[in-house]
Amino acid sequence: MRQTEAMNDRSIARSIALGRVAFGLTMLLIPHTVMSRLGEDKPGPLMWMARAFGIRDMVLGFGAIMELTEENPEGRWVAYGAAADTCDAVAAVVWREELGVGGMAATLSLAVPAAAGGWWSAFGLHRTRATHGTGTMSK
């Protein structure tokens, strides 16, 4: 694999990770604003769940960012984020009646591109690392 391909995988992964941290911080700090389409009555447990979701995204994002500082990252944290995004997309489709059309569309518009880019870059990082003989993702 050429150097530019590896850099593109790293750039894609970093962009998704930074977006994940930004989204997570937003959900943690101002969930009422993000969820304003629900109307004025937003029960405490719903806001707690929104904040917990934000924390999950921040942890996944920071994990990927830290991994990407390595000279030859393996892509594990990037794959963890892609797996979470894939599960979010599947859950949005399976429980679409609970989300409604708008909620499902909003979820899919974030989760599908993040999952696709995440898997793409995770496997690319893994291939680059395997090519250089520094380990495998399945350790």
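Okay, before anything else, a definition: a helix here is a DSSP run of H or I with at least four residues, and helices are numbered from the N terminus. Keep that in mind, since we'll be using those helix numbers.

So, this is a predicted model. What does the chain have in the way of helices and strands? It has five helices and zero strands, and reading along the sequence you get α-α-α-α-α.

Now the chain as a whole. There are 139 residues, and 35% of them are buried. If you take the contacts with a separation of 6 or more, 65% are between residues 24 or more positions apart. The chain exposes about 8,200 Å², with carbon and sulfur atoms supplying 68% of that.

Let's look at H4, residues 76–94. It has 19 residues, so at 1.5 Å a residue it should span 27 Å, and its end C-alpha atoms are indeed 27 Å apart. Several residues in H4 are buried, including Val 78, Gly 81, Asp 85, Asp 88 and Ala 92.

On to the pocket. The largest one has a volume of about 1,100 Å³. It is lined by 29 residues, and the closest to its centre are Phe 23, Met 27, Phe 53, Leu 99 and Thr 107. Helices H1 (3–29), H3 (44–67), H4 and H5 (96–131) each give two or more residues to that lining. Which helix gives the most? That's H5, with eight residues.

And what is the lining of the largest pocket made of, by class? You've got 18 nonpolar residues, four polar and seven charged. That's my tour, thanks!

Definitions and conventions: Residues numbered from 1 in each chain as written. Predicted model: local features only at pLDDT ≥ 70, side-chain atom pairs only at ≥ 80, totals over all residues. Heavy atoms only, no water. Buried < 20%, exposed > 50% of the residue type's maximum accessible area, 1.4 Å probe, protein only. Contact = heavy atoms within 4.5 Å. Areas by Shrake-Rupley, 256 points an atom, 1.4 Å probe, with all protein chains shown as cover. Expected span 1.5 Å × (residues − 1). 1 Å grid on protein atoms, 1.4 Å probe; cavity = no way out; pocket = protein on both sides within 12 Å on 5 of 7 lines; lining within 4 Å. Points joined across faces, edges and corners; volume = space filled by probe spheres on them. Nonpolar A, V, L, I, M, F, W, Y, C, P; charged D, E, K, R; others polar.
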